[in-house]
Amino acid sequence: MIVRVFILSAALIGAGALRAQTASPASASPSLEQRVADLEAYINNAARGSDSANPKTASNISGPGPGHNGWMMTSSALVLFMTLPGLALFYGGLVRQKNVLSILAQCFGIAGLVAILWWAVGYSLVFSRGSPVLGGLTFSFLRGVDAKPNGDYSYWVSQNIFAMYQLMFAIITPALIIGAVAERIRFAAVLVFVAIWMFVVYFPIAHMVWGIDGLMNGVWNDRARITAIDFAGGTVVHMSSGWSALVLCGLLGPRLGFRKEIMAPHSMVLCMVGSGMLWVGWYGFNAGSALGADGISANAFTTTTLATAVASFTWAMLEYVLRGKPSVLGFCSGAVAGLVVITPACGYVDPTGSVIIGAAAGVVPFFACTKLKSWFHYDDALDTFGVHAVGGTLGAFLTGLFATAAVNGNLSGAPATQNGLAKILGHSLWLEQLKAILITIFLAVVASAIVGFVVKTVIGLRIAPEVERQGLDINEHGEEGYMASG
């Protein structure tokens, strides 16, 4: 009641100010009822009344909402913070001292490269209307992407802010891959591989899952063939990068001395600082995916916190029981695993569901990182596959089990009702999730194998053995991470 009184008062003041500033006839202005409805829609992050008749277009949307815009600008900065410096320090601390700068350079190089691709065609291929697999070129070179919202994705957030927010996801996804191939891949190979990989893996998967006419966008595409759900990127970000990382590290082969020499992290302090930054930045990643400062965003914030804390504690306690010592690396790895696994579910599950997901995140990736590598002898240097591929796959599946419309009404909204998602919610949604999982794995693995083989044949993937022994920092970048003490 208090909110309605506040809204009505604001509408009356706004209407009076408008009449005082314009000589236009009263009939040309929205009615008081429309103003009240629009203010209520703004508070609830819902469609303006004027757009209800045609929600597929943005033609009637006049401007963004400052509060939602402010939150999305903050979220964009937080997601970039996850890569620079969060992921850079997390990965940088885990490698040997002679290779720390190579990780930082690869993160920076990917950020710049992906930003250019995103501006040119990437944003358009993901978020403009096109086919169920890939968007068109409507927004190439960010043409027409201005402060006006795009009603396909948000009624209250400027499209240029939305584009920048999604750019940060596009940056961190290929950056995750470098963890599996750390300490032995050429810098030039990273750039060429990522440039091609974005077109054949990331852009198609992102459009299929998040594009308004995407093949697997069960929440918003009323004609989706696969009614899967992915709130913040379990398939788009973590599965695509994690499964691609496994393929690439297989093409590269293991590091010199793998399983014969100790390759301990050179700085657990940097690793802990980096993982803490990832946790903080992940609130922009998950809560920001609500595309507004609303109740769904608040739920995602809550579930992200609980799942991450539970997973971090569970991983370290497993170490305590099985090895006698809970390590800082265990706490860090568990936290990142919890963040990964809750990502596709955070806006769709309740707190209890997130705790269960967090416990699973602390157990399954733990055994993937500690047992799978020893069984199959692949050199996933920084456990990108064990955490992101296994964790992302686990999260996508568990989302189908625990998602509920009680925390996100969009799961039973008009598009979900028309395409059948609402009917299978709480029953057989996990089958749709499995379909999305299989498509993502197939595309990531096959495309990455082809791209990796082409890059390996044309310019080479791996550094020379003598360079690997000396370190990438001095040989690839002409610098050293630490000055030798005199």
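**Figure 1. Helices α10 and α11, packed at an oblique angle.** In this predicted model, α10 (residues 328–342) and α11 (residues 351–376) pack at an angle of about 125°. That angle falls outside the ranges for roughly parallel, perpendicular or antiparallel pairs, so α10 and α11 are oblique to each other. Their axes are 8 Å apart, and α10 passes α11 in a right-handed crossing. To find the contact, look on α10 for A337, G338, V341 and I342, which meet S354, I357, A361 and P365 of α11. Sorted by class, the residues of this contact come out as six nonpolar, two polar and no charged.

**Figure 2. Helix α7 against helix α15.** Here we zoom in on α7 (residues 234–252), which packs with α15 at an angle of about 40°. The axes of α7 and α15 lie 8 Å apart. Angles under 35 degrees would count as roughly parallel, so at about 40° this pair is called oblique instead. The crossing of α7 and α15 is right-handed. On the α7 side, the contact uses T235, M239, S240, W243, S244, V247 and L251. Facing them from α15 are I437, T440, I441, A444, V445, S448, A449, G452, F453 and K456. Split by class, the contact of α7 with α15 has 10 nonpolar, six polar and one charged residues.

**Figure 3. Helix α5 alongside helix α7.** Now for another partner of α7: α5 packs with α7 at an angle of about 30°, and the two axes are 8 Å apart. Since angles under 35 degrees count as roughly parallel, α5 and α7 are described as roughly parallel to each other. Their crossing is right-handed. From α5, the residues in the contact are F169, T173, L176 and I177. From α7 come V236, V237, H238, S240, S241, S244, A245 and L248. The contact of α5 with α7 holds seven nonpolar and five polar residues, with no charged ones.

**Figure 4. The largest cavity and its lining.** Searching the whole structure turns up three cavities of 30 Å³ or more, and this close-up shows the largest, with a volume of about 70 Å³. Its lining is made of V209, M216, A228, I229, D230, T235, P344, A396, Q433, A436 and I437. Helix α15 (residues 429–458) gives the largest share of that lining, three residues. Two names may ring a bell: T235 and I437 line this cavity and also take part in the contact of α7 with α15. By class, the lining divides into eight nonpolar, two polar and one charged residues.

**Figure 5. The second largest cavity, with a fully nonpolar lining.** About 40 Å³ of space lies in this cavity. Around the space sit P174, I177, I178, V181, I185, V190, F193, V194 and L248. Two elements, α5 (159–177) and α6 (187–210), give two or more residues each to the lining, and α6 gives the most, with three. I177 and L248 line the cavity and also belong to the contact of α5 with α7. Going by class, the lining has nine nonpolar residues, no polar and no charged ones.

**Figure 6. The largest pocket.** Next comes an open space: the largest pocket holds about 1000 Å³. Its lining counts 42 residues, and D152, Y153, W220, L291 and N410 are the closest to the pocket's centre. The elements giving two or more residues to the lining are α2 (32–44), α5, α6, α9 (295–323) and α13 (414–419). Which element provides the largest share of this lining? That would be α5, with four residues. The classes here are 25 nonpolar, 13 polar and four charged residues.

**Figure 7. The second largest pocket.** This pocket has a volume of about 790 Å³. It is lined by 29 residues, and L329, C369, K373, A381 and D383 lie nearest its centre. At least two lining residues each come from α3 (66–94), α9, α10, α11 and α12 (384–402). The largest share, four residues, is supplied by α11, the helix that packs with α10 in Figure 1. Counted by class, the lining has 16 nonpolar, five polar and eight charged residues.

Note on methods: Residues are numbered from 1 along each chain as its sequence is written. This is a predicted model: local features need pLDDT of at least 70, side-chain atom pairs count only at pLDDT 80 or more; totals for chains, interfaces and linings use all residues. Side-chain values use heavy atoms; hydrogens and water are left out. On a 1 Å grid over the protein atoms alone, a cavity is a set of points where a 1.4 Å probe fits but cannot get out, and a pocket is an open set with protein on both sides within 12 Å along at least five of seven lines; lining residues have an atom within 4 Å of a point. Grid points are joined across faces, edges and corners, and a volume is the space filled by probe spheres set on the points. Ala, Val, Leu, Ile, Met, Phe, Trp, Tyr, Cys and Pro count as nonpolar, Asp, Glu, Lys and Arg as charged, and the others, Gly among them, as polar. Axes are lines fitted to C-alpha atoms, for helices over the stretch in contact, and angles run from 0 to 180 degrees between N-to-C directions. Angles under 35 degrees count as roughly parallel, over 145 as roughly antiparallel, 65 to 115 as roughly perpendicular and the rest as oblique. A crossing is left-handed if the near helix is turned anticlockwise from the far one by less than a right angle, and right-handed if clockwise. Contact means heavy atoms within 4.5 Å.
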